[in-house]
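User: I would like to test some structural labels against the criteria behind them. Please show the entry, and we can go through it.

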Amino acid sequence: MPEVIFAGPAGRLEGRYQPSKEKNAPIAIVLHPHPQFGGTMNNKIVYDLFYMFQKRGFTTLRFNFRSIGRSQGEFDHGTGELSDAAAALDWVQSLHPDSKNCWVAGYSFGAWIGMQLLMRRPEIEGFISVAPQPNIYDFSFLAPCPSSGLIIHGDADKVAPPKDVQVLVDKLHTQKGITITQKILPGANHFFSDDTDLLIDECADYLDRRLAGELAEPKPKRLR
């Protein structure tokens with residue numbers, strides 16, 4: 001798997017990149033947890049999500065946000081990290097101009113960044129948000145959320161309490177034109193300590209069903 005360095009808004013960004021053999025394969029970007037609490041692109045859940053997409057023929061990238069590993073810059077409380085994610089998607093798209101569709105997956109802090117990226121990039125057709133934290137981060141920008149996706153979390157999560165996640169999911173369920181799928185893993189905490197395999201199995205099952213045309217509203221064709 002190639003190690004890559006590409007230009008970000010605050011200097012170079014370090015990533016791991018696996019191109020698909022198909023020129024027009026969809027792109028997947030995987031975003032890691034909070035940089036100041038040990039989050040890196042080598043987090044096991046991020047790593048496993050990366051391979052989940054890669055095994056299904058996606059061109060896949062995970063990378064370190066600014067200030068982590070060999071990525072330059074300083075932690076920027078989400079604003080700069082969103083710019084990093086946009087630059088990462090730009091970089092992959094520059095190498096794969098025939099790829100029209102994209103997915104974004106994020107874990108914890110990365111889920112918040114991923115949902116913001118979703119709002120800015122109409123080519124993102126699906127998302128996976130693992131243990132988002134609406135008790136800490138403001139998700140009111142999802143007005144409306146433009147794409148169908150999966151929100152998956154544990155019912156023993158003390159970092160992102162289930163009741164707060166439920167408020168977010170219920171709000172998204174009222175929006176028309178998208179399908180939000182929710183999975184709650186019994187006994188799982190924020191770190192999915194003994195539940196990583198189950199988490200990835202659920203995410204893979206969701207992705208397979210989406211790729212088969214399920215769990216999403218048909219999208220109207222955009223006028224060019």
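Analyst: Start with β7. In this predicted model, 7 of the 7 residues of β7 are buried, and the strand is mostly covered.

User: What makes a residue of β7 count as buried?

Analyst: The cut-off is under 20% relative accessible area. On one side of β7, Ser-148, Leu-150, Ile-152 and Gly-154 are buried. On the other side, Gly-149, Ile-151 and His-153 are buried. Both faces of β7 are therefore covered, since a residue called buried has under 20% relative accessible area.

User: Why is strand β6 called largely enclosed?

Analyst: Strand β6 spans residues 124-130, and 6 of its 7 residues are buried, so the rest of the structure largely encloses it.

User: How do you know that β6 and β7 pair?

Analyst: Pairing needs at least two bridges. β6 and β7, the latter at residues 148-154, are joined by 5 bridges and run parallel. The 5 bridges meet the requirement of at least two, so β6 and β7 count as paired. Phe-127 stands opposite Gly-149 in β7, and Val-130 has Ile-152 as its bridge partner.

User: Which strands does the criterion link to β5 and β8?

Analyst: β5, residues 102-107, is joined to β6 by 6 bridges, in parallel. Val-104 stands opposite Phe-127 in β6. β7 pairs with β8, residues 180-185, over 6 bridges in the parallel sense. Gly-149 stands opposite Ile-180 in β8. With at least two bridges required, both cases qualify as pairs.

User: What makes the unit of β7, α4 and β8 right-handed?

Analyst: The test is the direction of the path, with the strands pointing away from the viewer. Right-handed means that the path from the first strand over the helix to the second runs clockwise. β7, helix α4 (residues 162-173) and β8 make a right-handed β-α-β unit, which means the path from β7 over α4 to β8 runs clockwise in that view.

User: How is the lining of the second largest pocket divided by residue class?

Analyst: The lining has 7 nonpolar, 7 polar and no charged residues. His-34, Phe-37, Ser-108, His-190 and Phe-191 lie nearest the centre, among 14 lining residues. Phe counts as nonpolar, while His and Ser fall among the polar residues. The pocket holds about 210 Å³ of space.

User: What does the UniProt record add?

Analyst: The unreviewed entry annotates residues 17-138 as "domain: Xaa-Pro dipeptidyl-peptidase-like". In the model, that span is 34% helix and 20% strand, and its end C-alpha atoms lie 30 Å apart.

Methods:
Residues are numbered from 1 along each chain as its sequence is written. This is a predicted model: local features need pLDDT of at least 70, side-chain atom pairs count only at pLDDT 80 or more; totals for chains, interfaces and linings use all residues. Side-chain values use heavy atoms; hydrogens and water are left out. Buried means under 20% relative accessible area, exposed over 50%, partly exposed in between (1.4 Å probe, protein chains only). Helices (H or I, at least four residues) and strands (E, at least two) are DSSP runs, numbered from the N terminus. UniProt positions are given in the numbering used here, feature names are shortened, and annotations may be inferred rather than shown by experiment. On a 1 Å grid over the protein atoms alone, a cavity is a set of points where a 1.4 Å probe fits but cannot get out, and a pocket is an open set with protein on both sides within 12 Å along at least five of seven lines; lining residues have an atom within 4 Å of a point. Grid points are joined across faces, edges and corners, and a volume is the space filled by probe spheres set on the points.
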